[in-house]
Amino acid sequence: SSGINAEYGKVKEGAPVVYPNRAIVRGPGVSGVGLLPGKPATFEVDASKCGVGEVKVIVDGPEGSDPVKVEYTQTDTPGIYTGSYMPKDEGEYVVNVTFCGVDVPKAPFAVNIYGDGPRNKVDPKKVICEGPGLTGEDILPDEKAWFKINYAEAGPAEPKVEIVGPDSQPVPFNVEQDGKGEQYVTYKVPKFGMFNVAVNFGGMPLPNSPYNVKIAPKVDASKVKISGLAQIIRIGDNPVFEIDTSAAGDGKLEATIISPTGKVVKHVHDDDDK
């Protein structure tokens, strides 16, 4: 991603390059989840990947209300700040967050706060997630997996997605807003294995989250061909027959031979990549 000059977005030769678009702001203070008048609204600003610069948070209250006091400090981790403000009145609050004078992603945040509470609550059970990206069906490595998140009836919050691969490493994904209250998530499967897809809403996991997504080879056993197997075999013979799996997909061949008495007969399996 491209950076800007650290002096409030103006180009100045020799000044450090910063990346306001890498900042992440989260917490009920910007989502509005569970907030009530007279109760602290907390938030976190993660600017650890933005470079060296100033984080500034200003909160504007509803029209006619008193100025809103905002307090925030840097944590022990450089670039990460935690803070809060106190909403005294009902109505819409606007949370402005900038880095080096430039709005961070999704800022300014519109936060609606009401005294009756329920209008600010979220219900993860009302979030609907569906798509092959949550089941692994018909998906192979290097193919795109997708799923949709519908949260239109779940309350004032945004879904949060995390995807982890078989090697416990994060898997990159892309989120597109597909209409109001619906998101379209895509990710590329790098290899076979079990993937973990977690979806949270309002800081709470969905009932079926995390989703265990198994990406396995496509196998069609009906396309396995057996040839050279005689119907009648004399005692003492060493019959040889061929099992051709070339058209059946990627899978492990397992063969078991059972004698008339029910015992497993020892055999030699010569893998000829068929």
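Is Glu143 buried, partly exposed or exposed? Glu143 is partly exposed, with a relative accessible area of 31%. The classes are set by relative accessible area: buried means under 20%, exposed over 50%, and partly exposed in between (1.4 Å probe, protein chains only). The model is predicted, so to speak of local features requires pLDDT of at least 70, side-chain atom pairs count only at pLDDT 80 or more, and totals for chains, interfaces and linings use all residues. Residues are numbered from 1 along each chain as its sequence is written, and side-chain values use heavy atoms, with hydrogens and water left out.The secondary structure comprises one helix and 22 strands. Helices (H or I, at least four residues) and strands (E, at least two) are DSSP runs, numbered from the N terminus. Of the 274 residues in the protein, 30% are buried. The exposed area is about 17,600 Å², and carbon and sulfur atoms supply 51% of it. Accessible areas come from the Shrake-Rupley method with a 1.4 Å probe; for residues, only the protein chains shown count as cover. Among contacts with a separation of 6 or more, 58% are between residues 24 or more positions apart. A contact means heavy atoms within 4.5 Å.

Glu143 belongs to a negative surface patch, together with Glu137, Asp138 and Asp142. Patches are made of residues with over 30% relative accessible area and no salt bridge; like charges are joined within 9 Å, and nonpolar side chains (Val, Leu, Ile, Met, Phe, Trp, Tyr) within 5 Å. Asp and Glu count as negative and Lys and Arg as positive, while His and the chain ends are not counted. The place of a charge is taken as NZ of Lys, CZ of Arg, CG of Asp or CD of Glu. Glu143 is found in the loop between β11 (128-130) and β12 (144-150). Asp138 lies in the loop between β11 and β12. Asp138 is exposed, at 55% relative accessibility. Its phi is positive, about 60°, although Asp138 is not a glycine.

Most residues other than glycine have a negative phi, and most peptide bonds are trans. Lys106 also departs in phi, with a positive value near 75° in a residue other than glycine. Lys106 is found in the loop between β9 and β10. The residue is exposed, with a relative accessible area of 66%. Pro108 lies in that loop, between β9 (102-103) and β10 (109-113). The peptide bond from Ala107 to Pro108 is cis, with omega near 0°. A cis peptide bond also joins Ser209 and Pro210, where omega is about 0°. Pro210 lies in the loop between β17 (204-205) and β18 (211-215).

The structure holds seven salt bridges. A salt bridge is a side-chain nitrogen of Lys or Arg within 4 Å of a carboxyl oxygen of Asp or Glu. One of them joins Asp123 and Lys125 (3.3 Å, N to O). Asp123 is partly exposed at 21% relative accessibility, and Lys125 is exposed at 64%. Another joins Glu162 and Lys160 (3.8 Å, N to O). Glu162 is partly exposed at 46%, and Lys160 is partly exposed at 44%.

Lys191 forms a salt bridge with Asp167, the closest N and O atoms being 3.9 Å apart. Lys191 lies in the loop between β15 (182-188) and β16 (193-201), and Asp167 in the loop between β13 (159-164) and β14 (173-177), so the pair ties together parts that are 24 residues apart in sequence. Lys191 is partly exposed, with a relative accessible area of 38%. Asp167 is partly exposed at 41%. Arg26, Glu44 and Asp46 are joined into one network by salt bridges that share partners.
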